[in-house]
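Visitor: I have the sequence and the coordinates open, and I would like to be walked through a few selected features, with the reasoning spelled out.

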Amino acid sequence: MSTIRNHVQLIGNVGGEPTITNLESGKKVARFSLATNEYYKDSKSEKQTDTNWHTIVSWGKTAEIVEKYVEKGKEIGITGKLKTRTYTTDDRNQRYVTEVVADEILLLGSKNDK
């Protein structure tokens, strides 16, 4: 049962080019946004789309895969966990950020997709 605690699975489209950071330790970090769509029919039976945006962070080997193969618009699947962190802005306001830390990335679509 412990494998389903704090477990996230998403399939969506990459919202922008990933940002890759090389840390002093030699480790890589990749950050990008992922859009997931949910479809439903409204009271007039018209199809509606609800889009949610997620911030994805990956480390190490997973970040290297992101760097090589993930680009804006690409459909991918990810598994990972939710991580919330806080920081204080310059004007002393505290902010909370929730991100998905991805351990696995699945590249979807055909090889010819750009």
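Guide: What follows is a set of questions and answers on a predicted model, covering strand pairing, salt bridges, a core position and a surface patch.

Visitor: Over how many bridges do strands β1 and β5 pair?

Guide: Strand β1 spans residues 8-14 and strand β5 spans residues 75-88, and the two run in the antiparallel sense. One of the positions that can be followed by eye is Gly12, whose bridge partner in β5 is Ile76. For β1 with β5, the count of bridges is 6.

Visitor: Which residue of β3 stands opposite Asn13?

Guide: Strand β1 also pairs with strand β3, residues 28-41, in the antiparallel sense over 2 bridges. Two strands are taken as paired if there are at least two bridges between them, so the 2 bridges here satisfy that requirement. In β3, the residue opposite Asn13 is Ala35.

Visitor: Is Gly77 buried or exposed?

Guide: Gly77 is found in strand β5, and, leaving aside residues up to four places away in sequence, it touches Leu10, Ile11, Glu104, Ile105, Leu106 and Leu108. Its relative accessible area is 7%. Because the cut-off for a buried residue is under 20%, the 7% of Gly77 places it in the class called buried.

Visitor: How far apart in space are Gly77 and Val100?

Guide: Along the sequence, Gly77 and Val100 are separated by 23 residues. Taken from C-alpha to C-alpha, their separation in space is 12 Å.

Visitor: Which residue forms a salt bridge with Lys28?

Guide: The structure holds 3 salt bridges, and in the one made by Lys28 the closest N and O atoms are 2.5 Å apart. This pair links distant parts of the chain, since Lys28 lies in strand β3 while its partner lies in helix α1, 39 residues apart. At 19% relative accessibility Lys28 counts as buried, whereas the partner is partly exposed at 40%. That partner is Glu67.

Visitor: What is the relative accessible area of Glu99?

Guide: Glu99 forms a salt bridge with Arg31, the closest N and O atoms being 2.8 Å apart, and this pair joins strand β6, residues 94-107, to strand β3 across 68 residues of sequence. Arg31 counts as partly exposed at 33% relative accessibility. Glu99, by contrast, is buried, because its relative accessible area falls under 20%; the value is 6%.

Visitor: Which residues are joined into one network by salt bridges that share partners?

Guide: A salt bridge also runs between Arg85 and Glu99, with the closest N and O atoms 3.0 Å apart, and it links strand β5 to strand β6 over 14 residues of sequence. Arg85 is itself partly exposed, with a relative accessible area of 35%. Glu99 is also the partner of Arg31, and the salt bridges that share partners therefore give one network, made of Arg31, Arg85 and Glu99.

Visitor: What is the accessible area of the nonpolar patch that includes Ile65?

Guide: Ile65 is placed in helix α1, residues 60-69, and is partly exposed, with a relative accessible area of 35%. Since patch members need over 30% relative accessible area, the 35% of Ile65 meets that cut-off. Ile65 forms the surface patch with Tyr69 and Leu107, and their accessible area together is about 260 Å².

Technical notes:
Residues are numbered from 1 along each chain as its sequence is written. This is a predicted model: local features need pLDDT of at least 70, side-chain atom pairs count only at pLDDT 80 or more; totals for chains, interfaces and linings use all residues. Side-chain values use heavy atoms; hydrogens and water are left out. Helices (H or I, at least four residues) and strands (E, at least two) are DSSP runs, numbered from the N terminus. Buried means under 20% relative accessible area, exposed over 50%, partly exposed in between (1.4 Å probe, protein chains only). Contact means heavy atoms within 4.5 Å. Patches are made of residues with over 30% relative accessible area and no salt bridge: like charges are joined within 9 Å, nonpolar side chains (Val, Leu, Ile, Met, Phe, Trp, Tyr) within 5 Å. Accessible areas come from the Shrake-Rupley method with a 1.4 Å probe; for residues, only the protein chains shown count as cover. A salt bridge is a side-chain nitrogen of Lys or Arg within 4 Å of a carboxyl oxygen of Asp or Glu.
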